[in-house]
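Grab a coffee and open the viewer. Try each exercise by yourself before you read the solution under it.

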Amino acid sequence: MTATAHDATTPSTRPLPREDARHIARAFLPRHVLGNRYDYYYTLTKLRTDPLYPGVLQALRPTRAPVLDLGCGLGLLAHALRADGLALPYYGVDIDAAKIRRGREVAARTGLADVRFDVLDLGAGLPAHHGSVAILDVLQYLAPERQRALLDQVIAMLEPGARLVIRSGLADTSTRSRTTRITDRIANLAGWMQERAKCYPTADGLRAQLEGAGLATTIRPLYGDTPFNNWLIVGERG
Ligand SMILES: C[S@@+](CC[C@H](N)C(=O)[O-])C[C@H]1O[C@@H](n2cnc3c(N)ncnc32)[C@H](O)[C@@H]1O
C-alpha cells in the first residue's frame, strides 16, 4: 500500500489505491469463466470509491488484539487487513447466510490465515469476544434500544489497547444524511440489502455513550467523494 495510506497522523479520507483494490477484488472472481461476477464488481467498486477500509486500517494498525467484525458482509475487512500486512485474528458475523457462505469460501480459497465466519443475528445476541470490535455500516439496521445495548456489550469486550471502530451514517439535518437514508431504502427495495435501515445514530448520542463508558473517543467524517453522511467513530479505553 502507498506511503499515504500508512501515514498515521493524517486522517485517511481516500479509497484504496486502484491496484490494491483490484488485488483484493480479484479474490471474488468466480472460479469459472461464465460464473457470476456480481461480488467481484461490487467489491471492486466499493474499494475504489469508498474510503472505509483505509480509515479502519489506520485505526487498527496500532493494535494487536483480535477483531470481531459485526455485520461483516463478505468479510472484506479480513482481506483489507491481510493485504495491509496486519495478522490480527479476525472473526466476522452477519445475518445473511449467503454472504457468510461466499465470504468463507473466498477467504479459504485466498488462503487468509486466522479468519473465521458465522451466521448471527445481532438483534439476538453477540458471540463471546475479548479484543477490538468493528461495526461498519451496520448500526442503522438495529432498533435504537438494540444499538445502545449492543454498544454497551461491545464496550465490555474491549481489552486495554483494543479499539471499537464504528463507521456509520449519522442522523443530522444535512443533505448527506437524507441521501444516505434514501439510498439505504432503495438498496433494500431493490434487494441489494436484505435488511431495512431502522434508525441512524447521532454523533452526540454515540459520543455520550462511549465517553460515558470511559472511552477516549474520536469522531470524524469518512465519506470521501461519496454523497453519504458516513463518519468514523473510534473508541479506546483511556
Ligand atoms: C452495508 S453492509 C456492510 C457490510 C460490511 N460491514 C462492510 O462494511 O463491507 C451491512 C451488513 O449488515 C448486515 N446486517 C444487517 N442487519 C443485521 C443483523 N441484525 N445481524 C447481523 N448482520 C446484519 C447485512 O447483512 C449486511 O451484510
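Here come some exercises, each with a worked solution.

Two notes before you start. This is a predicted model, so local features need pLDDT of at least 70 and side-chain atom pairs count only at pLDDT 80 or more, while totals for chains, interfaces and linings use all residues. Residues are numbered from 1 along each chain as its sequence is written.

**Exercise 1. Find the residues that surround the ligand and sort them by class.**

Step 1: Pick the residues that are near the ligand, meaning that the C-beta atom, placed from the backbone, lies within 6 Å of it. You should end up with 18 residues, and the closest are Gly71, Gly73, Ile95, Leu122 and Tyr141.

Step 2: Sort them. Ala, Val, Leu, Ile, Met, Phe, Trp, Tyr, Cys and Pro go in the nonpolar pile, Asp, Glu, Lys and Arg in the charged pile, and the others, Gly among them, in the polar pile. The shell splits into eight nonpolar, four polar and six charged residues.

**Exercise 2. Zoom in on isoleucine 95: where does it sit, is it buried or exposed, and what does it touch?**

Step 1: Isoleucine 95 is in the loop between strand 2 (90-94) and helix 6 (97-110). Helices (H or I, at least four residues) and strands (E, at least two) are DSSP runs, numbered from the N terminus.

Step 2: Count C-beta atoms, placed from the backbone, within 10 Å of its own: 20 or more others make a residue buried, 12 or fewer exposed, and anything in between partly exposed. Isoleucine 95 has 17 such neighbours, so it's partly exposed.

Step 3: Look for contacts, that is, C-beta atoms, placed from the backbone, within 7 Å of each other. Skipping neighbours within four places in sequence, isoleucine 95 contacts Val119, Leu120, Asp121, Leu122 and Glu195.

**Exercise 3. Work out how helix 2 (residues 18-26) packs on helix 3 (residues 38-49).**

Step 1: Fit lines to the C-alpha atoms over the stretch in contact to get the axes, with angles from 0 to 180 degrees between N-to-C directions. The two axes come within 9 Å and cross at roughly 155 degrees.

Step 2: Name the arrangement. Under 35 degrees is roughly parallel, over 145 roughly antiparallel, 65 to 115 roughly perpendicular, and the rest oblique. Helix 2 is therefore roughly antiparallel to helix 3.

Step 3: List who meets whom. Helix 2 brings Arg18, Ala21, Arg22, Ile24 and Ala25, and helix 3 brings Tyr40, Thr43, Leu44, Leu47 and Arg48. Sorted by class, that contact has six nonpolar, one polar and three charged residues.

Step 4: If the spacing of those numbers rings a bell, remember that an α-helix has 3.6 residues a turn, so residues three or four places apart point the same way.

**Exercise 4. Describe the packing and burial of helix 4 (residues 52-60) against helix 5 (residues 76-83).**

Step 1: The axes are 10 Å apart, at an angle of about 60 degrees. Helix 4 and helix 5 are therefore oblique to each other.

Step 2: Tyr53, Val56 and Leu57 of helix 4 meet Leu76, Leu77 and Ala80 of helix 5. By class, this contact has six nonpolar residues, with no polar and no charged ones.

Step 3: Now check burial. Nine of the nine residues of helix 4 are buried, so this helix is largely enclosed by the rest of the structure.

**Exercise 5. Repeat the job for helix 2 and helix 5.**

Step 1: Here the axes come within 10 Å and cross at roughly 125 degrees. Helix 2 and helix 5 are therefore oblique to each other.

Step 2: Asp20, His23 and Ile24 in helix 2 meet His79, Ala80 and Ala83 in helix 5. The class count for this contact is three nonpolar, two polar and one charged.

**Exercise 6. Which phi values do aspartate 114 and aspartate 137 have, and is each residue buried or partly exposed?**

Step 1: Aspartate 114 isn't a glycine, yet its phi is positive, at about 60 degrees. Aspartate 137 also has a positive phi, near 60 degrees.

Step 2: Place them. Aspartate 114 lies in the loop between helix 6 and strand 3, and aspartate 137 in the loop between strand 4 and helix 7 (144-155).

Step 3: Count neighbours. Aspartate 114 has 13 other C-beta atoms within 10 Å, so it's partly exposed. Aspartate 137 has 20 C-beta neighbours inside 10 Å, so it counts as buried.

Note on methods: Contact = placed C-beta atoms within 7 Å.
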